[in-house]
Amino acid sequence: MSRIGKRPVALPSGVTANVSGQTVEVKGPKGTRSFTATDDVTLTVEDGAVSVMPRGMSKRARQQWGMSRSMVQNLVTGVSEGFKKELEIQGVGYRAQMQGNVLKLALGYSHDVNFEVPEGVTVTAPKQTEIVVEGIDQQQVGQVAANIREWRAPEPYKGKGIRYKGEFIFRKEGKKK
């Protein structure tokens with residue numbers, strides 16, 4: 001049995017869930033999100049919680065059981081609290097600043113990198129060496145953070161680049177004479 005799947009997803013105050021067929025729609029203070037589950041699971045709302053149960057005990061149904069429950073949990077967390085990724089910039093002359101809907105990054109290239117922030121995600125630069133990506137969709141927040149990090153991933157010799165806050169970079173020793 002799925003240890004994740006058998007626990008119902010509790011709905012905090014201010015969050016409502018509506019199930020129609022295989023689609024669950026969750027509304028909260030930060031917005032509305034929906035998820036369509038496969039036909040291998042059954043979604044129900046009862047006693048202020050969303051339950052996910054498998055239809056049968058096939059391998060695919062058991063796989064979808066835990067995954068569907070996690071997706072519903074992410075919807076509830078997104079519309080109630082939201083998701084956040086923090087990035088740090090290290091390197092001489094490396095900096096970031098927001099100008100309208102564009103994140104301007106100076107990353108040691110001959111030109112500044114202009115990163116268009118997509119809809120549904122907010123990016124802020126509280127300091128020149130910090131970037132905060134926030135939104136209600138966990139996948140989109142993670143993808144935007146990964147796209148920003150991709151411009152200058154941290155290198156192992158000096159540690160320069162864009163890294164996630166708290167990320168450990170394995171450092172290498174340089175050449176010896």
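In this predicted model, the place to start is the largest nonpolar core, which holds 20 residues. Within that group, Leu103, Leu105, Val123, Ile131, Val133 and Ile148 touch the most other members. Several elements chip in with two or more residues each: the strands S7 (83-90), S9 (102-106), S10 (113-116), S11 (121-124) and S12 (130-135), along with helix H2 (138-150). H2 makes the largest contribution, at 4 residues.

Leu103 gives a good feel for how this core is put together. Setting aside residues up to four places away in sequence, Leu103 touches Ala96, Gln97 and Met98, then Val113, Asn114 and Phe115, and also Val123, Ile131 and Ile148. There is also a second, separate core, made up of 17 residues, with Val15, Val24, Ala37 and Val50 among them.

Back in the first core, strand S12 deserves a closer look. Of its 6 residues, 5 are buried, so S12 is largely enclosed by the rest of the structure. S12 has pairing partners as well. One is S7, which runs antiparallel to S12 and is joined to it by 6 bridges; here Glu86 has Val132 of S12 as its bridge partner. Another is S11, again antiparallel, with 4 bridges to S12. Val132 turns up here too, as the bridge partner of Thr124. S11 and S12 together form a hairpin, and 5 residues sit between the two strands. As a general point, strands of a sheet pair through backbone hydrogen bonds, either parallel or antiparallel.

Two of the strands that feed the largest core, S9 and S10, also belong to an open sheet. This sheet has 3 strands in the order S8-S9-S10, with antiparallel pairing. Its edge strands are S8 (95-99) and S10, each of which pairs on one side only. From one strand to the next, the twist averages 25°. Between S9 and S10, which run antiparallel, there are 4 bridges. One of the pairs involved links Leu105 to its bridge partner Val113 in S10. Both of these residues have come up already: Leu105 is listed with the core members that touch the most others, while Val113 is one of the residues touched by Leu103.

Terms used
Residues numbered from 1 in each chain as written. Predicted model: local features only at pLDDT ≥ 70, side-chain atom pairs only at ≥ 80, totals over all residues. Heavy atoms only, no water. Core = buried A, V, L, I, M, F, W, Y, C linked by side-chain atoms within 4.5 Å. Buried < 20%, exposed > 50% of the residue type's maximum accessible area, 1.4 Å probe, protein only. Contact = heavy atoms within 4.5 Å. Pairing = 2+ DSSP bridges. Axes fitted to C-alpha atoms, helices over the stretch in contact; angles between N-to-C directions.
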